[in-house]
Amino acid sequence: MAGNLQHASFGIPAGKGLFSPIYNAMRHDPPNIPITPALRQALQDWIIIIKRIGSRPTSVLELIPGTPRYIGYCDASGFGAGGVWISGSKHIPPLVWRLEWPEDIQKRLVSDSNPDGDLTNSDLEMAGHLIQWLILEHHAPQSLEHVHIGIFCDNTPTVAWATRLHSSTSVIAGHLLRALALRQHINRTSPLITISIAGILNLMADIASHSFR
């Protein structure tokens with residue numbers, strides 16, 4: 001079944017964001033695969049998307065990335081997340097955003113002083129990446145349908161996760177990627193391009209994410 005869904009995802013880009021629970025369930029080649037709530041949700045999402053494609057075919061512009069019309073930079077820290085949006089090939093008024101993590105989130109971050117935490121810095125970076133997208137949804141001057149979008153990020157796991165739209169190492173990232181994929185599907189955008197950038201060059205987003213210190 002996973003193989004059939006992989007083939008289907010060539011024409012249903014959002015489907016790639018639903019594989020994290022499936023791959024996690026198949027890890028280590030178990031003799032039996034329990035139907036967990038996360039796995040059940042992924043399969044239900046697939047059912048809805050496949051039925052929807054029957055009345056809403058996928059445009060080729062939803063399959064092929066291109067030169068970004070809007071360009072974003074995002075970053076996250078243990079204090080919060082932040083980023084900027086600027087014009088690419090299409091004008092958008094320059095925008096800076098920031099969000100402080102709630103105290104309970106900050107206390108769950110893994111660190112030398114909190115080795116038992118269940119959130120990694122990369123999980124927070126992935127959350128910041130999703131928020132970056134949602135900010136654009138809210139502030140874009142026009143519809144994002146068939147629009148090419150690029151986001152710079154200085155966290156290597158997030159770049160890899162957002163490019164593949166699945167994670168085999170972080171359950172939390174898998175949930176965030178599901179949301180990112182479904183938002184792109186709803187908006188019918190071109191595939192999001194996530195580009196790696198050195199942290200020292202990501203100063204605008206870095207200042208925003210650390211501004212709560």
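Reader: Why does Asn24 count as partly exposed?

Author: The relative accessibility of Asn24 in this predicted model is 23%. The class called partly exposed lies between under 20%, which is buried, and over 50%, which is exposed; Asn24 therefore counts as partly exposed. Asn24 is found in helix α2. Its C-alpha atom is 14 Å from that of Leu43, which is 19 residues away in sequence.

Reader: What makes Thr36 partly exposed, and where is Thr36 found?

Author: Thr36 has a relative accessible area of 34%. Since partly exposed covers the range between the buried and exposed limits of 20% and 50%, Thr36 is placed in that class. Thr36 is found in the loop between α2 and α3. Pro21 is 15 residues from Thr36 in sequence, and the two C-alpha atoms are 8.7 Å apart. The C-alpha atom of Phe10, 26 residues from Thr36 along the chain, is separated from that of Thr36 by 26 Å.

Reader: How do you know whether Phe10 is buried or exposed?

Author: The relative accessible area of Phe10 is 61%. Exposed means over 50%, so Phe10 is exposed. Phe10 lies in the loop between α1 (2-8) and α2 (20-26).

Reader: What sets the phi of His28 apart, given that His28 is not a glycine?

Author: His28 has a positive phi of about 65°. Most residues other than glycine have a negative phi. The residue lies in the loop between α2 and α3. With a relative accessible area of 75%, set against the limit of over 50%, His28 is exposed. A positive phi, of about 60°, is also found at His146, again not a glycine. His146 lies in the loop between α5 and β4 (149-153).

Reader: How do you know that the end-to-end distance of helix α5 agrees with its number of residues?

Author: Helix α5 comprises residues 121-139, which are 19 residues. At 1.5 Å a residue, these should span 27 Å; the end C-alpha atoms are 27 Å apart, so the two values agree.

Reader: Why is α5 described as largely enclosed by the rest of the structure?

Author: Of the 19 residues of α5, 14 are buried. Buried requires under 20% relative accessible area. The helix is therefore largely enclosed by the rest of the structure.

Reader: What makes the contact of Glu137 with Arg183 a salt bridge?

Author: The closest N and O atoms of Glu137 and Arg183 are 2.7 Å apart. A salt bridge requires a distance within 4 Å, so the pair qualifies. Glu137 belongs to helix α5 and Arg183 to helix α7, and the pair links distant parts of the chain, 46 residues apart. Glu137, at 23% relative accessibility, counts as partly exposed; Arg183, at 27%, likewise counts as partly exposed. Elsewhere, salt bridges that share partners join Arg56, Glu62 and Arg188 into one network.

Reader: Which distance supports the salt bridge of Glu62 with Arg56, and are these residues buried or exposed?

Author: The closest N and O atoms of Glu62 and Arg56 are 2.9 Å apart, against a limit of 4 Å. Glu62 and Arg56 are both buried. In general, side chains of opposite charge can pair when their charged atoms come close.

Reader: Why are Glu103 and Lys107 separated by about one helical turn?

Author: Glu103 and Lys107 are four residues apart in helix α4 (residues 103-107), which means a separation of about one helical turn. They form a salt bridge, with the closest N and O atoms 3.1 Å apart. Glu103 and Lys107 are both exposed. A search of the whole structure finds six salt bridges.

Reader: Which residues form the nonpolar patch on the surface, and why is Ile64 called partly exposed?

Author: The patch is formed by Val60, Leu61, Leu63 and Ile64, with about 320 Å² of accessible area together. Ile64 has 48% relative accessibility; exposed would require over 50%, so Ile64 counts as partly exposed. Ile64 has its place in the loop between α3 (37-53) and β1 (70-76).

Reader: How much space lies in the largest pocket, and which residues lie nearest its centre?

Author: The largest pocket holds about 390 Å³ of space. Its lining has 23 residues, and Pro13, Lys16, Leu165, Pro191 and Leu192 lie nearest its centre. Two or more lining residues come from each of the elements α6 (156-164), α7 (171-187) and β5 (193-196).

Notes: Residues are numbered from 1 along each chain as its sequence is written. This is a predicted model: local features need pLDDT of at least 70, side-chain atom pairs count only at pLDDT 80 or more; totals for chains, interfaces and linings use all residues. Side-chain values use heavy atoms; hydrogens and water are left out. The expected span of a helix is 1.5 Å times one less than its number of residues. Buried means under 20% relative accessible area, exposed over 50%, partly exposed in between (1.4 Å probe, protein chains only). Patches are made of residues with over 30% relative accessible area and no salt bridge: like charges are joined within 9 Å, nonpolar side chains (Val, Leu, Ile, Met, Phe, Trp, Tyr) within 5 Å. Accessible areas come from the Shrake-Rupley method with a 1.4 Å probe; for residues, only the protein chains shown count as cover. A salt bridge is a side-chain nitrogen of Lys or Arg within 4 Å of a carboxyl oxygen of Asp or Glu. On a 1 Å grid over the protein atoms alone, a cavity is a set of points where a 1.4 Å probe fits but cannot get out, and a pocket is an open set with protein on both sides within 12 Å along at least five of seven lines; lining residues have an atom within 4 Å of a point. Grid points are joined across faces, edges and corners, and a volume is the space filled by probe spheres set on the points.
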